[in-house]
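Dear colleague,

Please find the structure below, handed over for your own inspection. A short account of its helix packing and its interior follows the display.

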Amino acid sequence: MDGKYIALGILIPFVGTSLGSACVYFLKGNKTTEGNAPVIPPDVEKGLTGFAAGVMVAASIWSLLIPAMEESSSLGRLAFLPAVIGFWIGTLFLFALDKLIPHLHLNAEKAEGPRSSFQRTTMMLLAVTIHNIPEGMAVGVVYAGMLTGDVGLSLGAALALSIGIAIQNFPEGAIISMPLHANGQNKHKAFVNGVLSGAVEPVAAVLMLLFAPVFSPLMPYFLSFAAGAMIYVVVEELIPETAEGEHSNWGVLLFAVGFTVMMALDVALG
């Protein structure tokens, strides 16, 4: 397998975040009480968040859980067991990060995790970093599985996951850079911090690739681990953000769009 395709697949999601973060230079929105910094209108924000959630759920199912169970087919009726175990480990891993790292979700007033003296913008970045860790792990473990041949994943299927995550990273980049600007950062700094929030993804992906030979026999567990971590982010963070404030159906509708886009990508390219 040509290494350039793997490098490209790892970087595609990061490019999506970077392009989204650049929207801080072009988008205009409502004024905040703190100044004239633009923010994303609530319905648009909910729609983008719902879209990201839909992509992550579909990726967890088609790109991670189903391949994990197919790889465990030799267990017969217990083929689901590695997926269940890995899924729960991934869920508890994100739960631990959620409790151990101080962070602040978008539009939230109260920070989560242990008390800290971090600035509000720093804790917002930490929240996005926690969010992006499982996405990077998912990309890395899929390419690792493709390289080792332990799961029936093609280059097209791996690229589908990279493209799907990049698509949902685009609005996420905008969602993080614009509120940072709204909280007082200039556009250049908000853009750089938005880009840096996605830097954890290629790092996590490379780590998964480096350890691929070690965990090759455990590939179904690692695939489902990434799925569990991503679903935790969706349920704990994204879905509540689409439902908060004034009722809107945009989050639900864009969730369905994101889900079907990722599902179509996986089937078409895989």
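The notes below cover two helix pairs, the nonpolar cores and one asparagine.

This is a predicted model, in which local features need pLDDT of at least 70 and side-chain atom pairs count only at pLDDT 80 or more, whereas totals for chains, interfaces and linings use all residues. Residues are numbered from 1 along each chain as its sequence is written, and side-chain values use heavy atoms, with hydrogens and water left out.

Helices (DSSP runs of H or I, at least four residues) are numbered from the N terminus. Axes are lines fitted to C-alpha atoms over the stretch in contact, with angles from 0 to 180 degrees between N-to-C directions. Helix H1 (residues 3-21) packs on helix H5 (residues 155-182) at about 20°, and their axes are 5 Å apart. H1 and H5 are therefore roughly parallel (angles under 35 degrees; over 145 counts as roughly antiparallel). Their crossing is right-handed (the near helix is turned clockwise from the far one by less than a right angle; anticlockwise is left-handed). Among the residues in contact (heavy atoms within 4.5 Å) are Gly9, Gly16 and Gly20 of H1 and Ala166, Gly173 and Ala174 of H5. By class, this contact holds 11 nonpolar, nine polar and no charged residues; Ala, Val, Leu, Ile, Met, Phe, Trp, Tyr, Cys and Pro count as nonpolar, Asp, Glu, Lys and Arg as charged, and the others, Gly among them, as polar.

The axes of H4 and H9 come within 9 Å and cross at roughly 155°, so the two helices are roughly antiparallel. This crossing is left-handed. Its contact includes Ala138 and Val141 of H4, and Phe222 and Ala226 of H9. The contact of H4 with H9 comprises 16 nonpolar, three polar and two charged residues.

The largest nonpolar core has 50 residues, and Leu64, Val141 and Leu161 have the most contacts inside it. Such a core is a set of buried Ala, Val, Leu, Ile, Met, Phe, Trp, Tyr and Cys residues joined through side-chain atoms within 4.5 Å. Helix H9 (residues 219-243) supplies the largest share of this core, 12 residues. Beyond four places in sequence, Val141 touches residues including Leu64, Met208 and Phe215. Another core, of 10 residues, lies apart and includes Val24, Val128, Leu180 and Ala190.

Asparagine 132 lies in helix H4 (residues 120-148). Because its relative accessibility is 2%, asparagine 132 counts as buried (under 20% relative accessible area, 1.4 Å probe, protein chains only). Its contacts more than four places away in sequence are Asn169, Glu172, Ser197, Gly198, Val200 and Glu201.

With kind regards

Definitions and conventions
Angles under 35 degrees count as roughly parallel, over 145 as roughly antiparallel, 65 to 115 as roughly perpendicular and the rest as oblique.
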